[in-house]
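The following note sets out several points on the model under review. Each point may be checked against the sequence and the coordinates displayed here.

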Amino acid sequence: MTDPAPQTAAPTPSPSRVLLPGIAVAFFLISPILLIVGWLIVMGTSGRNFFEGAPNQAMFGTVTIVVGIVMMLISLALDGARSIAQQHLEAMREITQDVPAGGDS
């Protein structure tokens, strides 16, 4: 009933892809929604002379647009960092594959 062959843990393969952080994915999904909603809120105040007719609504719309822009920029920066890390990983993989196991030659 026992297994005569000992089972050893499989070697952990090195990652082939650098994944995009989850927060960047969330920012990519949420930021366009915030931009559209903020734009609709600000444009809803256009018939009221912006800050004269609905100052709170205009400020809320402006803040929503700014938050959407900041979230989009953060997600783009994280995506750029992921791309750079992926290129470095590929370069290191090529370097380690090109180096002979025996040392200098």
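Where is the place of Ala 54?

1. Ala 54 lies in the loop between α1 and α2. The structure is a predicted model, and the remarks in this note should be read accordingly. The relative accessible area of Ala 54 is 7%, so this loop residue counts as buried, the limit being under 20%. Its C-alpha atom is 9.7 Å from that of Val 42, a residue twelve positions away in sequence.

2. On overall composition, the protein contains two helices and zero strands. Of its 105 residues, 16% are buried. When contacts between residues at least 6 apart in sequence are considered, 69% of them join residues at least 24 apart.

3. Helix α2 covers residues 55–98 and comprises 44 residues. From its first C-alpha to its last it reaches 65 Å, which is close to the 64 Å expected at 1.5 Å a residue.

4. The arrangement of the two helices deserves a separate remark. The axes of α1 (22–44) and α2 approach within 7 Å and cross at roughly 155°. Because angles over 145 degrees count as roughly antiparallel, α1 is described as roughly antiparallel to α2. The crossing in which α1 passes α2 is left-handed.

5. The buried positions of α2 are Ala 58, Gly 61, Thr 64, Ile 65, Gly 68, Met 71, Ser 75, Arg 82 and Gln 86. These buried residues pack against α1. Two of them, Ile 65 and Ser 75, are taken up in the next points.

6. Ile 65 is situated in helix α2. Its C-alpha atom is separated by 4.9 Å from that of Gly 38, although the two residues are 27 apart along the chain. Apart from residues up to four places away in sequence, Ile 65 touches Leu 35, Gly 38, Trp 39 and Val 42. Val 42 thus appears among the contacts of Ile 65 and was cited above for its C-alpha distance to Ala 54.

7. Ser 75 is also placed in helix α2. With a relative accessible area of 0%, Ser 75 is buried. Once neighbours within four places in sequence are set aside, Ser 75 is in contact with Ala 24, Phe 27 and Phe 28. The C-alpha atoms of Ser 75 and Ile 23 are 7.8 Å apart, while 52 residues separate the pair along the chain.

8. Which side chains meet in a salt bridge? A search of the whole structure returns one such interaction, and the side chains involved are those of Asp 79 and Arg 82, at 3.7 Å from N to O. This pair qualifies because the N to O distance of 3.7 Å falls within the 4 Å cut-off. In general terms, side chains of opposite charge can pair when their charged atoms come close.

9. The setting of this pair is local to one helix. Asp 79 and Arg 82 are three residues apart in α2, which means that about one helical turn separates them. Their exposure may be set side by side: Asp 79 is partly exposed, with a relative accessible area of 26%, whereas Arg 82 is buried, with a value of 16%. Arg 82 is also one of the buried residues of α2 listed above.

Key. Residues are numbered from 1 along each chain as its sequence is written. This is a predicted model: local features need pLDDT of at least 70, side-chain atom pairs count only at pLDDT 80 or more; totals for chains, interfaces and linings use all residues. Side-chain values use heavy atoms; hydrogens and water are left out. Helices (H or I, at least four residues) and strands (E, at least two) are DSSP runs, numbered from the N terminus. Buried means under 20% relative accessible area, exposed over 50%, partly exposed in between (1.4 Å probe, protein chains only). The expected span of a helix is 1.5 Å times one less than its number of residues. Contact means heavy atoms within 4.5 Å. Axes are lines fitted to C-alpha atoms, for helices over the stretch in contact, and angles run from 0 to 180 degrees between N-to-C directions. Angles under 35 degrees count as roughly parallel, over 145 as roughly antiparallel, 65 to 115 as roughly perpendicular and the rest as oblique. A crossing is left-handed if the near helix is turned anticlockwise from the far one by less than a right angle, and right-handed if clockwise.
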